[in-house]
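Before we discuss this entry further, I would like to set down some notes on its fold, its cores and a few individual residues. Please read them with the structure open beside you.

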Amino acid sequence: MAFKGFCGEVIGFFLAVAFCIICPEYVSSAQRELGKGSPTNASATASPAGSVDNAIRSGAAMDGPRPTPRTGPYFDLVASKNVTALLGKTAYLNCRVKNLGNKTLNMQVSWVRHRDIHLLTVGRYTYTSDQRFRAIHLPHSEDWTLQIKYPQHRDSGIYECQISTTPHMSHFIHLNVVEPTTEIIGGPDLYIDRGSTINLTCVVLYSPEPPAYIFWNHNDAIISYDSPRGGVSVVTEKGETTTSFLLIQQARPSDSGTYQCNPSNAQSKSVVVHVLNGEYPAAMQRGGQAFAPTSPAHCLVLAACLFLTLS
C-alpha cells in the first residue's frame, strides 16, 4: 500500500506539471482572481507613478535650479593647457580669459614664474630684464600669451596666469622643455653576414613634433639611394616616436663602416657595421649584447643536467 501511495504521488506531481505547461491560461486566471483580494497594495503601488506623472506634466519639482550666466571673468581651460617645448625653439604659453570685457582698465592679466615668484608680465608690458620673455595680447582678444624665446631646461616648471580680481584668480600652466634623443637599435656595433640584408633602425624620442627630415651617412658621406650599387632604401614612419629604417640588400664587405642617423631636430647617432666574409669573431654583438658560439661540450653538459633533473 505504501508503494502504491508513493507511485500515486509521483504520478500526481507529473500531472500537475503537465497541466501548468499545457493549460497556462487557467493558471493565469487563477492568479488574477487571487490578486483581486488585495486592492490596497495595487493602489499603493500605482500612486507613486501617478504623482511622478503629475509632476512631469506640471514641470514642478523635477527640474533643478537653472544655472545663472557668469558675470565675472573666468579662465577657458580648454585653450589654456600645459606646454611641451623643444629645447631652443620659441615656446608660447596661452591663457584665455573669458568675460573680461572692458574691465581691463581696472583688472590686469599677469604672468608669474613660480620657481622664483618672479613677475614676468602685466597686461601687455614685460617686467623682467630677461629679454627672452615677452607679453603678447591683441586688442579685443581673450588670449594673453607669454612668449619664451630659446627656452632652456631651467625654464621648465609652473607659470601662473593671474587676474587682478579681489581676491585674485589664478590658473597654472606647466612648461616642459625637452631635448629629443636619437637611438640606433642594436648599437654600437653590428655584425652582418655577407649576402644578408643590413637593417638599421633609428628612433627619435621625446620630440614635440616629428623631424622635418632624417638622412643617413656612411663613412661621413650622405647615402645616395639611386647609386649604382642599388638595393638601398629608407622607410620613415613619423609620429610621437619617429622611426627611420635603412635597408641595404646583399651586404658586401665594402658596406662595412660607420653609419650615422641625422634627424633635423635632434643629435645624430652612429653605429659601426661589420660585414663578415666567412670569418667568425670571438664575440659578436647581437642586439647590443655579447654573443659567443655555443660549443658541443656545453650542449652535452646541459643535456646531462636535464636528464638528472627529470630522473
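1. A contact, as the word is used in this note, means that heavy atoms lie within 4.5 Å. On that basis, residues 24 or more positions apart account for 58% of the contacts in the protein with a separation of 6 or more. Please keep in mind throughout that the model is predicted.

2. On the overall content, the protein has 4 helices and 21 strands, and 28% of its 311 residues count as buried. The exposed surface comes to about 20500 Å², of which carbon and sulfur atoms supply 59%.

3. The largest nonpolar core has 22 residues, and within it Leu93, Val97, Trp111, Leu146, Tyr159 and Leu175 touch the most other members. Two or more residues are given to this core by each of β2 (83–86), β3 (91–98), β4 (109–113), β8 (143–148), β9 (157–163) and β10 (169–178), with β3 making the largest contribution, 4 residues. Apart from this core lies another one, of 20 residues, which includes Ile192, Ile214, Ala251 and Tyr259.

4. Which residues does Leu146 touch, not counting those up to four places away in sequence? They are Ala91, Tyr92, Leu93, Trp111, Leu120, Thr121, Phe133, Arg134 and Tyr159. Among these, Leu93, Trp111 and Tyr159 are also named with Leu146 as residues that touch the most other members of the largest nonpolar core.

5. Thr128 deserves a separate look, since this residue lies in the loop between β6 (125–126) and β7 (133–136) and is nevertheless buried, with a relative accessible area of 19%, where the cut-off for that class is under 20%. Its side chain makes a polar contact with the side chain of His118 at 3.1 Å, and the side chain of Thr128 also reaches the backbone nitrogen of Asp130 at 3.3 Å. Leaving aside neighbours within four places in sequence, Thr128 is in contact with His118, Leu119, Leu120 and Phe133.

6. Gln131 has its place in the loop between β6 and β7 as well, but at 74% relative accessibility Gln131 counts as exposed. Computed along the sequence, Gln131 and Ile148 are 17 residues apart, while in space their C-alpha atoms are 8.8 Å apart.

7. Turning to strand β17 (residues 242–248), is this element largely enclosed or largely open? Because 5 of its 7 residues are buried, β17 is largely enclosed by the rest of the structure. Strand β13 (residues 198–205) pairs with β17 in the antiparallel sense over 7 bridges, and Val204 stands opposite Thr242 in β17. Strand β16 (residues 232–237) also runs antiparallel to β17, joined to it by 6 bridges, and here Thr236 has Ser244 in β17 as its bridge partner. β16 and β17 form a hairpin, with 4 residues between them.

8. Within β17, Thr242 can serve as an example, being buried with a relative accessible area of 2%. Once neighbours within four places in sequence are left aside, Thr242 is in contact with Cys202, Val203, Val204, Pro210, Pro211, Ile214, Thr236 and Glu237. Of these contacts, Val204 is the residue that stands opposite Thr242, and Ile214 is listed among the residues of the core of 20.

9. An open sheet of 5 strands has the order β12-β19-β18-β14-β15, and its pairing is mixed. The edge strands of this sheet are β12 (189–193) and β15 (221–222), each of which pairs on one side only. Strand β14 (residues 214–218) and β15 pair in the antiparallel sense over 2 bridges, with His218 standing opposite Ala221 in β15.

10. How many aromatic pairs does the structure hold? There is 1 such pair, formed by Tyr213 and Phe215, whose ring centres are 6.1 Å apart and whose planes are at 20 degrees, so the pair is stacked. Both residues fall in the partly exposed class: Tyr213 is at 47% relative accessibility, and Phe215 has a relative accessible area of 30%.

Note on methods:
Residues numbered from 1 in each chain as written. Predicted model: local features only at pLDDT ≥ 70, side-chain atom pairs only at ≥ 80, totals over all residues. Heavy atoms only, no water. Core = buried A, V, L, I, M, F, W, Y, C linked by side-chain atoms within 4.5 Å. Buried < 20%, exposed > 50% of the residue type's maximum accessible area, 1.4 Å probe, protein only. Pairing = 2+ DSSP bridges. Phe/Tyr/Trp six-rings, centres within 6.5 Å; stacked < 30°, edge-to-face > 60°. Polar contact = N/O pair within 3.5 Å; in protein donor to acceptor, adjacent residues only side chain to side chain. Areas by Shrake-Rupley, 256 points an atom, 1.4 Å probe, with all protein chains shown as cover.
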